[in-house]
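Work through these exercises with the structure open beside you. Try each task before you read its solution.

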Amino acid sequence: VQLQASGGGLVQAGGSLRLSCAALGRTFSSYVMSWFRQAPGKEREFVAAISWSGGYTYYGDSVKGRFTISRDNAKNMVYLQMNSLKPEDTAVYYCAADPSGGPIAYEYDYWGQGTLVTVSS
């Protein structure tokens, strides 16, 4: 599956952004879809994941209560709604796909190209 992330940009602290990830491939609904992020000089960090059907989601501790992951299998899309953004959320955000993905980046076989989110204070 090929992934393309979009929706990043510059936003003030407290603001919101919605990231999108388009997937090319007929088996999109067979994959756990996740978002990771990587800030300069830091390890890639798990943000959120959603199960095949969308019925189960889980989040990294740093974004719980502020971010929401969702998916639309009919459109082969996954989204990340980010609210109450903080400067420490600044990073390149990547969508990723795996048949049984978890919070560990190296478990994922497929990655999008990343979209930059910058949160100003």
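Two strands pair if DSSP finds at least two bridges between them. Keep that rule at hand for what follows. The model is predicted.

**Exercise 1. Take stock of the chain.**

Task: State how many helices and strands the chain has, and decide how its radius of gyration fits a compact globule.

Solution.
- Step 1. Count the elements. The chain has 0 helices and 11 strands. Read along the sequence, the pattern is β-β-β-β-β-β-β-β-β-β-β.
- Step 2. Check the radius. A compact globule of 121 residues would have a radius of gyration near 14 Å. The chain has 13 Å, so the two agree.
- Step 3. Look at the box. Along the principal axes, the C-alpha atoms fill roughly 40 × 25 × 25 Å.
- Step 4. Look at burial. Of the 121 residues in the chain, 45% are buried.
- Step 5. Look at contacts. Take those between residues at least 6 apart in sequence: 56% of them join residues at least 24 apart.

**Exercise 2. Order the strands of an open sheet.**

Task: Work out in which order the 4 strands of the open sheet lie, and name its edge strands.

Solution.
- Step 1. Begin with strand 1. Strand 1 pairs with strand 3 in the antiparallel sense, over 5 bridges. Here Leu3 has Ala23 in strand 3 as its bridge partner.
- Step 2. Move on from strand 3. Strand 3 is joined to strand 8 by 6 bridges, and the two run antiparallel. Leu19 has Leu80 in strand 8 as its bridge partner.
- Step 3. Move on from strand 8. Strand 7 and strand 8 pair over 6 bridges, again in the antiparallel sense. Asp72 stands opposite Met77 in strand 8.
- Step 4. Put the pairs together. The order is 1-3-8-7, with antiparallel pairing.
- Step 5. Find the edges. Strand 1 and strand 7 are the edge strands, since each pairs on one side only.
- Step 6. Add the twist. From one strand to the next, the twist averages 15 degrees.

What holds such pairs together? Strands of a sheet pair through backbone hydrogen bonds, either parallel or antiparallel.

**Exercise 3. Follow the partners of strand 9.**

Task: Find which way strand 9 runs against strand 4, strand 11 and strand 10.

Solution.
- Step 1. Take strand 4. There are 7 bridges between strand 4 and strand 9, which run antiparallel. Ser34 stands opposite Ala96 in strand 9.
- Step 2. Take strand 11. Strand 9 pairs with strand 11 over 3 bridges, in the antiparallel sense. Ala91 has Val117 in strand 11 as its bridge partner.
- Step 3. Take strand 10, residues 110-111. Strand 9 and strand 10 share 2 bridges and run antiparallel. Ala97 has Tyr110 in strand 10 as its bridge partner.
- Step 4. Check the cover. Strand 9 is mostly covered, with 7 of its 8 residues buried.

**Exercise 4. Find the heart of the nonpolar core.**

Task: Name the residues that touch the most other members of the largest nonpolar core. Then decide whether Trp35 is buried or exposed.

Solution.
- Step 1. List the members with the most contacts. The core has 29 residues, and Met33, Trp35, Leu80, Met82 and Tyr93 touch the most other members.
- Step 2. See where the core comes from. Strands that each supply at least two of its residues include strand 1 (2-6), strand 5 (45-50) and strand 9 (91-98).
- Step 3. Follow Met33. Beyond its neighbours within four places in sequence, Met33 is in contact with residues including Leu3, Cys21, Ile69, Val78 and Ala96.
- Step 4. Locate Trp35. Trp35 is in strand 4.
- Step 5. Apply the cut-off. Buried means under 20% relative accessible area. Trp35 has 0%, so Trp35 is buried.

**Exercise 5. Classify a loop residue.**

Task: Place Ser51 in the chain, and decide whether Ser51 is buried or exposed.

Solution.
- Step 1. Place Ser51. Ser51 is found in the loop between strand 5 and strand 6 (57-59).
- Step 2. Use the cut-off again. The relative accessibility of Ser51 is 15%, so Ser51 counts as buried.
- Step 3. Check its polar side-chain atom. A polar atom of the Ser51 side chain lies 3.3 Å from the backbone nitrogen of Gly55.
- Step 4. Look further along the chain. Leaving aside neighbours within four places in sequence, Ser51 is in contact with Tyr56 and Arg71.

Definitions and conventions: Residues are numbered from 1 along each chain as its sequence is written. This is a predicted model: local features need pLDDT of at least 70, side-chain atom pairs count only at pLDDT 80 or more; totals for chains, interfaces and linings use all residues. Side-chain values use heavy atoms; hydrogens and water are left out. A nonpolar core is a set of buried Ala, Val, Leu, Ile, Met, Phe, Trp, Tyr and Cys residues joined through side-chain atoms within 4.5 Å. Buried means under 20% relative accessible area, exposed over 50%, partly exposed in between (1.4 Å probe, protein chains only). Contact means heavy atoms within 4.5 Å. Axes are lines fitted to C-alpha atoms, for helices over the stretch in contact, and angles run from 0 to 180 degrees between N-to-C directions. A polar contact is a pair of N or O atoms within 3.5 Å; within protein, one must be able to donate a hydrogen and the other to accept it, and residues adjacent in sequence count only if both atoms are side-chain atoms. The radius of gyration is taken over C-alpha atoms; the globule rule is 2.2 Å times the number of residues to the power 0.38.
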